[in-house]
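User: Please take a close look at one part of this model. I would like to see how its helices pack, against each other and against the rest of the fold.

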Amino acid sequence: MELTTTELAYLAGIIDGEGCLSVQKRLEKYLTPTIQISNTNKLLIDWLLTIGGNAYVCPMDKRLNRKQLYLWTTAGRKARELVGAVLPFLRLKCRQAELILATEPKHRLRIGETIRLSPE
């Protein structure tokens, strides 16, 4: 799905406010860029699914004043493409986005290798 400039700016705002940009170690040898967004509004999650990725219903909090929480996630090439597209609109998570884009797409970890990032 091709996103408009307005949709990319909106997605950047959602990522800044509700999202998590990370690089996950997969199969103990690959680095995989990941985007996760959690929210209680199912309409938002449904819209994110039109972009791609997967959605999950989180276990319900037992406190009576809590709403159902949903989690949307995408990883790999799709996450890298989205991060690159929204980077000009990000305000809070620019550094995380830049780190994702700096990680080589097919980076393979050597045994015992760790990736050290700055505290930022």
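**Helix packing**

Analyst: Leu8, Leu11, Ala12 and Ile15 of helix 1 meet Leu82, Ala85 and Val86 of helix 3. The residues of this contact divide into 7 nonpolar, no polar and no charged. Note that the model is predicted.

Now the geometry. Helix 1 covers residues 5-18 and helix 3 covers residues 77-86. They pack at an angle of about 105°, and their axes lie 9 Å apart. Angles of 65 to 115 degrees count as roughly perpendicular, so helix 1 and helix 3 are roughly perpendicular to each other.

Next, the sheet. It is open and has 4 strands, in the order 1-2-4-3. The pairing is antiparallel. Strand 1 (19-26) and strand 3 (54-57) are the edge strands, and each pairs on one side only. Neighbouring strands are turned by 30° against each other on average, direction ignored.

One pair deserves a closer look. Strand 1 and strand 2 (residues 30-39) pair in the antiparallel sense over 8 bridges. Within this pairing, valine 23 has proline 33 in strand 2 as its bridge partner.

Helix 1 packs on the sheet as well, where it touches strand 1 and strand 2. The direction of helix 1 makes about 90° with that of strand 2. Helix 2 (residues 42-51) also packs on the sheet. Helix 2 touches strand 2, strand 3 and strand 4 (70-75). Its direction makes about 20° with that of strand 4.

In short, helix 1 meets helix 3 and also packs on the sheet.

Methods:
Residues are numbered from 1 along each chain as its sequence is written. This is a predicted model: local features need pLDDT of at least 70, side-chain atom pairs count only at pLDDT 80 or more; totals for chains, interfaces and linings use all residues. Side-chain values use heavy atoms; hydrogens and water are left out. Axes are lines fitted to C-alpha atoms, for helices over the stretch in contact, and angles run from 0 to 180 degrees between N-to-C directions. Helices (H or I, at least four residues) and strands (E, at least two) are DSSP runs, numbered from the N terminus. Angles under 35 degrees count as roughly parallel, over 145 as roughly antiparallel, 65 to 115 as roughly perpendicular and the rest as oblique. Contact means heavy atoms within 4.5 Å. Ala, Val, Leu, Ile, Met, Phe, Trp, Tyr, Cys and Pro count as nonpolar, Asp, Glu, Lys and Arg as charged, and the others, Gly among them, as polar. Two strands pair if DSSP finds at least two bridges between them.
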